[in-house]
Structures are given as C-alpha cells and as structure tokens.
Amino acid sequence: MPKSEHVLSYYAATAQPAPDLPELEGEVRADVVIVGGGYTGLSAALELAQRGYEVVVLEAHRVGWGASGRNGGQVCTGFSASLAKIEKWVGLEDARKLFAVAEEGKALIRDRVQRHGIECDLKWGYLHAAPKARHVDELKEEQEIAESRFGYEGLRLVDLDEVRRMVASPVYVGGLHDAGAGQLHPLNYCLGLARAAREAGARIFENSAVERIELGRPAAAATANGRVTADFLVLAGNAYLGGLAPQISSKVMPVGTYIGATSRLGENRAKSLIPDDIAVADTNFVLNYYRRSSDHRMLFGGRVSYSTIMPPYLPRAMRHKMLQVFPQLSDVEFEFTWGGFVAITVERTPDVGRIAPNVYYAQGYSGTGVALSGVVGKIIAEAIAGQAERVDLFSKLPHTPFPGGPALRTPLLAAAMLWYRMRDLM
Ligand SMILES: Cc1cc2nc3c(=O)[nH]c(=O)nc-3n(C[C@H](O)[C@H](O)[C@H](O)COP(=O)(O)OP(=O)(O)OC[C@H]3O[C@@H](n4cnc5c(N)ncnc54)[C@H](O)[C@@H]3O)c2cc1C
C-alpha cells in the first residue's frame, strides 16, 4: 500500500516537521490500544502515557490526517447545542458540570501549548457576528444565560459601530465578543500533541488502518499486517470511523465542510479586514467561519455537503461566500481549498461512552471539537484509570440515532439542512 499523506491544504503546506511513524507489523501487547490519531486519540494517549500506561495509537493515515489536521482552528466556548437546551436535558447541576468540562478543554489547550512548547499560533479573542437583528436578540439571550446560570464572564455584546470596526464587512449588524475563545493552527497543534504523547512513552503507528476490532478481555484491534491486544480499547476515529463499530455509527452523521486559504494579502491588507486578529463565526445555521493566518491570508470556511467527494464547483462557491462578506477581496483568489468531515449528532452534543466495560468511544463534537476533543480524550483516560464519573456525566446527554440507517441518513439530513439554509435567507 502506498503511504498516505495529509490532504493538500494551507495547514499541510505550513506544517512543522514531523517524523514518518512506522506501520504496525506483527503482534503487540499494550495496556490500551487507541484507534485514531486526531486530538481525541492523542489526548487520551498523552494522559495515559503520563500515568504510566503502555499505549498504542493506530492511525489509518498520518497523525492529524482527519478533522484535527484540517479544521477551521476555531477554539470555541461550550457546545454546539445551547446551554439552555443542555440544562433542559440534564438539569442545571449536570449542565454546569458539562460546561466546566468544556471550559477545561480551552484551558487544556493553553496549558499543553505552553508545557510542550507547541508552536501553533494560539491566540485568544472571538466574535459571533450577527447578520440579522433577530440573531442579535438570540446572542443577548445566550449571554444572559451564560452569565447568570453558568457564571461565564468572557462575553460582551457588540453594537453596529463596533462590529464594523472589528470586521470590515457591510453584512453584520451586531455581535457577541468572547474573550475566552480563540484560534490555532490545527495541524501543528495536533503534531505537537503527538510529539508530547510519544515523549511520554506512547507508541504511534501510521498507515495502520484498523480493519477489525475484537471485544473481550483483552480486546484487540487488527490491521492488515498486525494486531494489538490490550486491556482497554478506545475508538477515536470519529467522522472517519466508518462501519468499524456499528453499535455507534447511527448516532453521528459525517458532514463535509470546506475551507479556502487566499494567497498572501500582506500584513496591512489582512489587518484591515480583522484589525484585532480575532476568529470570527457568523450566526447563520450554515455558518461562515474565518480568521487571518499568521502569514496574512484569509482562511475562510463554510459550506456543507453530503457527498464524500469534494464538489468540483467548490472553490468558486467558497469564493462567492467570502466576497459576500468581504467584497473588497474581489481581486483575490484562493491558493488552497480543502474539505473534511465533521461528525454531527442530532442533539449537537458530543457522544461519549462505552460499547463494552473496557471499550470507550467519543464522536460527534458537532463542530466544536477543537476545544472539546482534548478534554474528552482526557476524561476517557481518567475512566480507564478508574475514575469514570465524567464519562458517566456525558452519558446522561440524550442521543437520538439518525433515522433511516446508513442509506437514508444523508438524504434526510440534506432535506433538513435545506430548510435551515432557506431560513438563513429569510
Ligand atoms: C473542515 C473542518 C472544519 C472544522 N472547523 C472546526 C472549528 O473551527 N472548530 C472546531 O471546534 N471544530 C472544527 N471542526 C471539527 C474538529 O476538527 C473535530 O471535532 C476534531 O478534530 C475531532 O477530533 P478527533 O480526534 O475526534 O477526530 P479526527 O481528527 O477526525 O481523527 C480521527 C482519526 O481516526 C483515524 N481513523 C478512523 N478510522 C480508523 C481506523 N479504522 N483505523 C485507524 N485509524 C482510523 C482517521 O484517519 C483520523 O485521522 C472542523 C472539522 C472540519 C473537517
């Protein structure tokens, strides 16, 4: 089999050097085997290795090949579902505990970047930009709930004048600034996490796709050329796991989302677009999310599709979206466009749990996994080490399977999304 490489993207083109890691061959015994070398798997591996466990990570392609190496780099506060909904589902006390976990996710990134010297352009400051007055009202309500019921103090409403100073675009009428959210270079953060995990003693194999798992004690994960048996198995393949564990596949829907990176704009021009160098996401259901790169490009994400291949019209469609927000970039082209799969759940909250007493999984961060996946990897590690309280907390969140099974899931979701897209236009 030819060796896999990262998809061609701005991130891959500006990745820190990282070694090629070996392919799994033969029989290996470990305490824990982890399927998937993204943030979830690597975070669990780092925590477990630091606690003295023998850990093996099996990655089908390269470390960070999946969503963790391709995403918008937006480090978000909380969950994709609103805090009000989470409170309704699990009650205020558990909702507060879940919010505290999400807050820990951001702190963990800050801490790991510092502790392990990960160069990934981590910066703080984030704007939810509202194109419609009714979105401003929704943001106001979110702020009130976050402050009064969850004690979160990072938010500040922004009026028309200020939003236009923060983003040089005619489309927004207000916004919500979040001082506690931010941005990073996702692939470099992921590669740094892998380095830290290896330095702590974890063994990572690349080009090692797990073709079969065996439940039992020990559990096992088998690739074409090798097999790892271990006391614990962690499934961290998320949107890319496919049918490896049918028990959990109906709870998530992989949705394609896409990003374009313009050519370099030069420092002054890039600064003129987002002077404070914050990350921005608008409040449309199918949202635009964008930020400046450290080499002064616009990284602009948005669009969704339900196809497994990148639509050919994509670069044009993405550029059209970017020009709606920044008409002043009409002379600028994308140098890179790429996409990847986000796993969403019906309720837009992460699906974390066990499929057997010694087999854990996490998936479906629904677009807020940069901050959440690291802390979820950590709490899976805690559960393996004997403290399952926080995994059990996540198990309280309701998760409705997507209707229709694998064949019907995608068309049904596409129909639902079309409705929401029409609502954005109203
Ligand atoms: C284009 C895009 C933009 C996004 N933007 C944002 C954003 O701005 N902010 C945010 O918070 N979130 C964003 N996300 C989501 C975020 O990237 C994910 O939630 C997060 O990276 C999930 O990490 P993970 O480790 O669980 O999964 P992944 O990073 O996808 O890692 C899973 C890994 O498992 C491997 N794998 C799967 N099956 C097997 C197998 N059988 N054997 C071996 N290996 C296997 C895959 O190759 C993959 O590398 C975005 C996602 C995409 C695709």
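How many of the 10 residues of strand E10 (residues 226–235) are buried? In this predicted model, the count is 8 of the 10, so E10 is largely enclosed by the rest of the structure. The pairing of E10 with its neighbouring strands is described next, followed by a second group of paired strands, the ligand site and the backbone features of the loops.

Strand E10 is joined to strand E1 (residues 26–35) by 9 bridges, and the two strands run parallel. Within this pairing, Glu27 has Arg227 of E10 as its bridge partner. Strand E9 (residues 219–222) is joined to E10 by 4 bridges, in this case with the strands running antiparallel. Val228 in E10 stands opposite Ala221, and the connection from E9 to E10 is a hairpin of 3 residues. A further pairing links E10 to strand E17 (residues 359–363) through 3 bridges, with the strands running parallel. Here Leu235 is matched with Tyr361 of E17 as its bridge partner. In a regular strand, side chains alternate between the two faces of the sheet.

Strand E11 (residues 253–262) has 9 of its 10 residues buried, so E11 is likewise largely enclosed by the rest of the structure. The pairing of E11 with E15 is antiparallel and extends over 10 bridges; in it, Trp338 of E15 stands opposite Ile259. E11 also pairs with E14 in the antiparallel sense, over 6 bridges, and Leu299 in E14 is the bridge partner of Ala261. Strand E14 (residues 298–305) also contains Arg303. With a relative accessible area of 21%, Arg303 is classed as partly exposed, because the limit for a buried residue is under 20%. Arg303 is separated from Lys132 by 171 residues in sequence, and the C-alpha atoms of the two residues lie 19 Å apart in space.

The ligand is surrounded by 38 residues, of which Thr40, Glu59, Ser68, Val210 and Asn238 come nearest. By residue class, the shell comprises 17 nonpolar, 19 polar and 2 charged residues. Several polar atoms of the protein lie beside oxygen atoms of the ligand. A polar backbone atom of Tyr39 is 3.0 Å from an oxygen atom of the ligand, and a polar side-chain atom of Glu59 is 2.6 Å from a ligand oxygen atom. For Asn71, an N or O atom in the side chain is located 3.1 Å from an oxygen atom of the ligand. The ligand taken alone exposes 1000 Å², and 96% of that area is buried by the protein. Two or more residues of the shell are given by each of helix H2 (39–50), strand E15 (334–344) and helix H11 (369–384). Among the elements, E15 gives the most to the shell, with 3 residues.

Helix H2 consists of 12 residues and spans 16 Å from its first C-alpha to its last, close to the 16 Å expected at 1.5 Å a residue. Of these 12 residues, 11 are buried, so H2 is largely enclosed by the rest of the structure. The buried residues of H2 include Tyr39 and Thr40; Tyr39 is the residue whose polar backbone atom lies 3.0 Å from a ligand oxygen atom, and Thr40 is one of the residues that come nearest to the ligand. Glu47 is also among the buried residues of H2. Just after H2, the backbone at Gly52 adopts a positive phi of about 95°.

Further backbone features occur in the loops. Arg217 and Pro218 are joined by a cis peptide bond, with omega about 0°. Pro218 is placed in the loop between strand E8 (212–214) and E9. Asn238, one of the residues that come nearest to the ligand, has a phi near 50°, a positive value in a residue other than glycine. Asn238 is placed in the loop between E10 and helix H8 (246–249). Ser366, which is also not a glycine, has a positive phi of about 60°. The loop that holds Ser366 lies between E17 and H11. Ser366 is buried, with a relative accessible area of 8%.

Note on methods: Residues are numbered from 1 along each chain as its sequence is written. This is a predicted model: local features need pLDDT of at least 70, side-chain atom pairs count only at pLDDT 80 or more; totals for chains, interfaces and linings use all residues. Side-chain values use heavy atoms; hydrogens and water are left out. A residue is near a molecule or strand if one of its heavy atoms lies within 4 Å of it. A polar contact is a pair of N or O atoms within 3.5 Å; within protein, one must be able to donate a hydrogen and the other to accept it, and residues adjacent in sequence count only if both atoms are side-chain atoms. Accessible areas come from the Shrake-Rupley method with a 1.4 Å probe; for residues, only the protein chains shown count as cover. Ala, Val, Leu, Ile, Met, Phe, Trp, Tyr, Cys and Pro count as nonpolar, Asp, Glu, Lys and Arg as charged, and the others, Gly among them, as polar. The expected span of a helix is 1.5 Å times one less than its number of residues. Buried means under 20% relative accessible area, exposed over 50%, partly exposed in between (1.4 Å probe, protein chains only). Two strands pair if DSSP finds at least two bridges between them.
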